[in-house]
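Thanks for sharing this one. Here are a few friendly notes to read with the model open beside you.

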Amino acid sequence: MIKARGLEKTYPDGTTALRDIDLTVESGEMVFIRGRSGAGKTTFFRLLVGMEVPTGGALQVNGRVMGPGSSRSLRALRRKMGVIFQDFRLIEGRTALENVELGMRVLGVTGRHMRGRSRDLLERLGLDHRLYTPVESLSWGERQRVAAARALSREPEIVLADEPTGNLDAEATARVMELLYDARARGATVLIATHAADVLAANHERTITLSEGRVVADIPATPDVGRDDHA
Ligand SMILES: Nc1ncnc2c1ncn2[C@@H]1O[C@H](COP(=O)(O)OP(=O)(O)OP(=O)(O)O)[C@@H](O)[C@H]1O
Ligand SMILES: [Mg+2]
């Protein structure tokens, strides 16, 4: 569960990116976070992964209080997370397949299972012809799909997808979204930051709107419409 109370983030240069955020996301929920460029979406994700600490209020993720503190409990939390970063954060000099495998290796998954699952995910994302290509030779849309495969290969309890379809065409978008719905079907909590109008229009999940660092709308899911489409 994710719980924010009066959450605030002001960066060292004085920019306040989030203010007075009150939000609860239950385990297993899927939530879209929308908002214009600069609204604070990525900042919220950075706080959730512990890359930045709150400067006001409180944030809890799976019961862990996010803030300065034990790096051991932060590592344990991160093992349960799969993050598709807006800037991908792939490891250059390594192939697409190796990037996905490394994401699992750090969890202690090795061998045939790891290789099979990595390959399977990349193939589902239409990258079967790019398995052995170093990531720096891939297009942006291809890199974004490698980042998605890496995040989801870990079978995470919490998925954070930051503008995961920003560089993708309609078909690749559909494939990435399908994997995100699969993660939800497995019971994962899935947060998706996006301003893609087509992605937002096609979903019937809870949708939170951020504007200048504040929550200005929180629309619940409409359970009877749409869900079956993704079952
Ligand atoms: N490291 C930083 N130092 C200072 N200000 C920052 C930093 N990172 C982000 N900001 C500012 O915080 C605000 C929120 O940025 P953030 O990246 O969270 O927005 P976003 O909603 O993810 O935007 P986008 O849709 O463009 O990705 C912006 O005004 C941005 O300039
Ligand atoms: Mg962002």
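The points below deal with a metal site, one loop residue and the packing of some helices.

1. A word on the source before anything else: this is a predicted model. Please read each point below with that in mind.

2. Let's start at the metal. The magnesium ion (ligand 2) has Thr 42, through OG1, and Gln 86, through OE1, as its protein donors. These donors lie 2.0 to 2.2 Å from the ion. Thr 42 belongs to helix H1 (residues 41-49), whereas Gln 86 sits in the loop between strand E6 (81-84) and helix H3 (96-105), so the pair ties together parts that are 44 residues apart in sequence.

3. Are these two donors buried or exposed? Thr 42 is partly exposed, because its relative accessible area is 21%, and the cut-off for buried is under 20%. Gln 86 is also partly exposed, with a relative accessible area of 42%.

4. The loop between E6 and H3 also holds Thr 95. With 14% relative accessibility, Thr 95 counts as buried. Leaving aside residues up to four places away in sequence, Thr 95 touches Leu 131, Tyr 132, Thr 133, Pro 134 and Val 135.

5. Now to the helices. How do H4 and H5 cross? The axes of H4 and helix H5 (residues 140-153) come within 9 Å and cross at roughly 140°, and the two helices are therefore oblique to each other. Their crossing is right-handed.

6. What fills that contact? From H4 come Arg 117, Leu 121 and Leu 122, and these meet Val 146, Ala 149, Leu 152 and Ser 153 in H5. Sorted by class, the residues are five nonpolar, one polar and one charged.

7. H4 (residues 111-124) also packs with helix H6 (residues 170-185): their axes come within 9 Å and cross at roughly 130°. That angle makes H4 oblique to H6. On the H4 side, the contact residues are Leu 121, Glu 123 and Arg 124; on the H6 side, they are Arg 175, Glu 178, Leu 179 and Asp 182. This contact divides into two nonpolar, no polar and five charged residues.

8. One residue to look at when you turn the model is Leu 121. In H4, Leu 121 is among the residues that meet H5, and Leu 121 is also among those that meet H6. For a side-by-side view of the classes, the contact of H4 with H5 has five nonpolar residues, while the contact of H4 with H6 has five charged ones.

Definitions and conventions:
Residues numbered from 1 in each chain as written. Chains lettered and ligands numbered in written order. Predicted model: local features only at pLDDT ≥ 70, side-chain atom pairs only at ≥ 80, totals over all residues. Heavy atoms only, no water. Axes fitted to C-alpha atoms, helices over the stretch in contact; angles between N-to-C directions. Helix = DSSP H or I, 4+ residues; strand = E, 2+ residues; numbered from the N terminus. Parallel < 35°, antiparallel > 145°, perpendicular 65-115°, else oblique. Contact = heavy atoms within 4.5 Å. Nonpolar A, V, L, I, M, F, W, Y, C, P; charged D, E, K, R; others polar. Left-handed = near helix turned anticlockwise from the far one by under 90°. Donors = N, O, S within 2.8 Å, 3.2 Å for Na, K, Ca; no water. Buried < 20%, exposed > 50% of the residue type's maximum accessible area, 1.4 Å probe, protein only.
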